[in-house]
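This report goes through one protein chain, taking local backbone features, surface patches, charge pairing and spacing in turn. The sequence and the structure are shown first.

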Amino acid sequence: VPANLVRKMHGEALMQDALNTSIQQGIQELIAEHKLRPALQPSVSLDDGYELGKDADVKVELEVLPDVPTPAIDNLKLKKFEIDTLMLVAAAGAAALGAWAEGALLLFLFSLGHALEHYAMGRAKRAIEALAELAPDKATVRREGQTTEIPVEELVV
């Protein structure tokens, strides 16, 4: 069969198949690279100005499952209930009841609380470090009526 005839009869379909295969491979690589856990099939759309045989602008929308902290799962196995475990149970309960929005809001607020906690801890740590830098290198000591300056490391209390 002449190649020109195949191209004429099936060229567009073959190009569409190649494009679909490339898009699917790209999505799978993206998922693997970012270690995503898809919740649903991705939504794929091509740019309106796409012409066969030219570069394509592809838009992919993907809903992913949230990362569940592994300590929460480990705590469930050990029957040790902490806040992480309780949040996991609450989110799973919301999902089981079909209240996805409430479960997502719960996880979002919990994550926001963790982020704010880490932010506050970082600020407190930096403040303590700044105070430590203000500490003097030398101390004035009075012994037997005489005052002398000595390095702080040599002080004996």
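Is Glu144 buried or exposed?

## Backbone at two loop residues

Glu144 is exposed, because its relative accessible area is 83% and exposure is assigned over 50%. This residue lies in the loop that links β3 (138-143) to β4 (146-151), and its phi is near 55°, a positive value in a residue other than glycine.

Lys35 offers a second case, with a phi near 50°, again positive in a residue other than glycine. Lys35 sits in the loop between α1 and β1, and with a relative accessible area of 71% it is exposed. As background to both cases, most residues other than glycine have a negative phi.

## Confidence of the model

The coordinates discussed here belong to a predicted model, and the confidence assigned to them should be kept in view while reading the remaining sections. The mean pLDDT of the protein chain is 84, and 90% of its residues reach 70 or more.

Within the protein chain, confidence is highest in helix α4 (residues 100-133), with a mean of 92, and lowest in helix α2 (residues 70-77), where the mean is 70. Where pLDDT is low, the predicted coordinates should not be read in detail.

## Surface patches

A patch of negative charge on the surface brings together Asp47, Asp48, Asp55 and Asp57. Of these residues, Asp47 can be placed in the loop between β1 (43-46) and β2 (58-61), and it counts as partly exposed because its relative accessibility is 40%, a value in the range between under 20% for buried and over 50% for exposed.

A patch of another kind, nonpolar in character, is formed on the surface by Leu105, Phe108, Leu109, Leu112 and Leu116, which together have about 490 Å² of accessible area. Leu105, one of the residues in this patch, is found in helix α4.

## Charge pairing

How many salt bridges does the structure hold? The structure holds 1 salt bridge, and it is formed by Lys59 with Glu61, whose closest N and O atoms are 3.2 Å apart. Side chains of opposite charge can pair when their charged atoms come close.

Lys59 is partly exposed, with a relative accessible area of 48%. Glu61, the partner of Lys59 in the salt bridge, is likewise partly exposed, at a relative accessible area of 42%.

## Spacing along the chain and in space

Gln24 is placed in helix α1 (residues 3-33) and is partly exposed, with a relative accessible area of 41%. Gln24 and Val44 are 20 residues apart along the chain, and their C-alpha atoms are separated by 9.5 Å.

Arg126 belongs to helix α4, the helix in which confidence is highest in the protein chain, and it is partly exposed, with a relative accessible area of 49%. What distance lies between the C-alpha atoms of Arg126 and Val60? These two residues are 41 Å apart in space, C-alpha to C-alpha, and 66 residues apart in sequence.

Notes
Residues numbered from 1 in each chain as written. Predicted model: local features only at pLDDT ≥ 70, side-chain atom pairs only at ≥ 80, totals over all residues. Heavy atoms only, no water. Patch = residues over 30% accessible without salt bridge, like charges linked within 9 Å, V, L, I, M, F, W, Y side chains within 5 Å. Areas by Shrake-Rupley, 256 points an atom, 1.4 Å probe, with all protein chains shown as cover. Salt bridge = Lys/Arg side-chain N within 4 Å of Asp/Glu carboxyl O. Lys, Arg positive; Asp, Glu negative; His and termini not counted. Charge placed at Lys NZ, Arg CZ, Asp CG, Glu CD. Helix = DSSP H or I, 4+ residues; strand = E, 2+ residues; numbered from the N terminus. Buried < 20%, exposed > 50% of the residue type's maximum accessible area, 1.4 Å probe, protein only. pLDDT = per-residue confidence, 0-100.
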